[in-house]
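User: I'm new to this one, so please walk me through it step by step. I'll ask short questions as we go.

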Amino acid sequence: MTAREAVETLLAGRPRTPAVPFAESYAPANIALAKYWGKRDEALNLPTASSLSISLGDLGSHVRLAPAPEGAPTDTITLNGAPLSPDTPFARRASAYFDLFRPSPSFRFDLQARNTIPTAAGFASSASGFAALAKAADALFGWNLPRQSLSILARLGSGSAARSLADGFVEWHAGERSDGMDSFATPLPDRWPALRIGACVLSSAEKPVGSRDGMRRSVRTCPFYSSWPDLVARDIATLHDAIAARDIALLGATAESNCLAMHSLMMATRPPILYFLPETLTAIRAVWAARADGLPVWFTMDAGPNLKLLFESSSESSVRALFPTATIVSPFA
Ligand code: DP6
């Protein structure tokens, strides 16, 4: 099935022309505690395993979506106030996403996107961006899709966007169907006001390998990729226990181990994918040394060299002293 066919299934019987002049929406960024690394269907961003994340509150993406003026030759796209040329990676990805529900081949969209994620914080904005776009399209066309369908629509833009439709802890169920209609994310009811995430930017250099290519390579060539889905399933079960008990040691240890397992998959991929920089190892050793000295702090990392720290409010001043430039987020504020 193509992504366009999946959208046809989702929108069956719903309006295909704009219902209002424009629509605005917001979605938060998210950090996975049990990671998504590998697809069973690349066209539909269907994962080989479920994943579990925490949304980042008011760090995310605001979008305003409208029809572009009649006769516009391309979609018009503005990011953080600056008009983008149609051949920039962001504009290309957005236009390809619009193709999934463009009312006619000559219809053009006007998109104004603004990220509240400090660029220097090193959080990915594609998850919040596509989740906000899915919500804005829903409002512009008056589809009134249920949250599960919105999660599917966001997933077709970027897998991790499926998890950015809700605040707090969110679980993306891998699903089994080939059309992906059972692969969507649902929020967990648990709140954990003392939880903190610290973003440590160690390098803002361009990623050597993007997630899309990296995942494809790992699924095809990592000799122990087949052990990943079971490992993630066990980690998700443990994370549920940790969240229910507000047990930061269990949450931190599970997320840290899951992230290192994902990076092991990456390193054992051929050719290898290594996101670690010397600074990454130094920071990891600093976290481990602080923990050995009694500070309850753990880390996770995505497809890049930067660390995200996991701790509780009671450790915030010590974490700040250790990593003075970290951006600290309160996901339940
Ligand atoms: C390492 O969602 O960016 O951050 O589906 O190809 O758009 P695509 O990939 P993307 O991958 C995120 C990978 C990760 C782990 C995670 O967020 O679960």
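User: Is the crossing of helix 6 past helix 7 left-handed or right-handed?
Analyst: Helices here are DSSP runs (H or I, at least four residues), as are strands (E, at least two), numbered from the N terminus. A left-handed crossing has the near helix turned anticlockwise from the far one by less than a right angle, a right-handed one clockwise. Where helix 6 passes helix 7, the crossing is left-handed.

User: What kind of model is this?
Analyst: Residues are numbered from 1 along each chain as its sequence is written, and side-chain values use heavy atoms, with hydrogens and water left out. With local features needing pLDDT of at least 70, side-chain atom pairs counted only at pLDDT 80 or more, and totals for chains, interfaces and linings using all residues, this is a predicted model.

User: Are helix 6 and helix 7 roughly parallel or antiparallel?
Analyst: Their axes (lines fitted to C-alpha atoms over the stretch in contact, with angles from 0 to 180 degrees between N-to-C directions) come within 9 Å and cross at roughly 165°. An angle over 145 degrees counts as roughly antiparallel. The two helices, helix 6 and helix 7, are therefore roughly antiparallel.

User: Which residues of helix 7 meet helix 6?
Analyst: Contact means heavy atoms within 4.5 Å. From helix 6 come Trp228, Leu231, Val232, Asp235, Thr238, Leu239, Asp241, Ala242 and Ile243. Their partners in helix 7 are Leu250, Leu251, Thr254, Ala255, Asn258, Ala261, Met262 and Leu265.

User: Which element gives the most to the largest nonpolar core?
Analyst: A nonpolar core joins buried Ala, Val, Leu, Ile, Met, Phe, Trp, Tyr and Cys residues through side-chain atoms within 4.5 Å. This one has 48 residues, and Leu33, Trp37, Leu52, Phe123, Phe169 and Leu251 touch the most other members. Two or more residues come from each of strand 1 (23-34), strand 4 (51-67), strand 8 (169-172), strand 10 (195-200), helix 6 (228-245) and helix 7 (248-267). With seven residues, the element that gives the most is helix 7.

User: How many residues are in the second core?
Analyst: Back in the largest core, Leu33 touches Leu52, Ser53, Ile54, Phe169, Leu239, Leu251, Ala255, Asn258 and Leu310, leaving out residues up to four places away in sequence. The second core is separate, and Leu46, Val63, Phe130 and Ala134 are among its members. Its residues number 42.

User: Is Ile31 buried or exposed?
Analyst: Ile31 sits in strand 1, and beyond four places in sequence it contacts Leu52, Ser53, Ile54, Leu56, Phe123, Thr300, Asp302 and Lys308. By relative accessible area, under 20% is buried, over 50% exposed, and in between partly exposed (1.4 Å probe, protein chains only). At 2% relative accessibility, Ile31 is therefore buried.

User: How far apart in space are Lys39 and Arg216, C-alpha to C-alpha?
Analyst: Lys39 lies in strand 2 (residues 39-41) and is buried, with a relative accessible area of 11%. Setting aside neighbours within four places, it's in contact with Asn45, Leu46, Pro47, Thr48, Arg212, Met215 and Val219. Lys39 and Arg216 are 177 residues apart in sequence, but their C-alpha atoms are separated by 7.2 Å.

User: At what angle do helix 2 and helix 3 pack?
Analyst: Arg93, Tyr97 and Phe98 of helix 2 make the contact with Ser126, Phe130, Leu133 and Ala134 of helix 3. The crossing is right-handed. The axes of helix 2 (residues 89-98) and helix 3 (residues 126-141) are 12 Å apart, and the angle is about 35°.

User: How many residues of helix 4 are buried?
Analyst: The buried ones are Ser149, Leu150, Ser151, Ile152, Leu153, Ala154 and Arg155. They pack against helix 1 (3-10), strand 3 (46-47), helix 2, helix 3, strand 8 and strand 9 (185-187). Helix 4 (residues 147-155) is mostly covered, and of its nine residues the buried ones number seven.

User: Is Asn144 buried or exposed?
Analyst: Asn144 is in the loop between helix 3 and helix 4, and its phi is positive, about 60°, although it isn't a glycine. Asn45, in the loop between strand 2 and strand 3, has a positive phi near 50° and is buried at 2% relative accessible area. Asn144 has a relative accessible area of 65% and is therefore exposed.

User: Which residue is joined to Arg270 by a cis peptide bond?
Analyst: The omega of this bond is about -10°. The partner's place is in the loop between helix 7 and helix 8 (278-292). The residue joined to Arg270 is Pro271.

Conventions
Angles under 35 degrees count as roughly parallel, over 145 as roughly antiparallel, 65 to 115 as roughly perpendicular and the rest as oblique.
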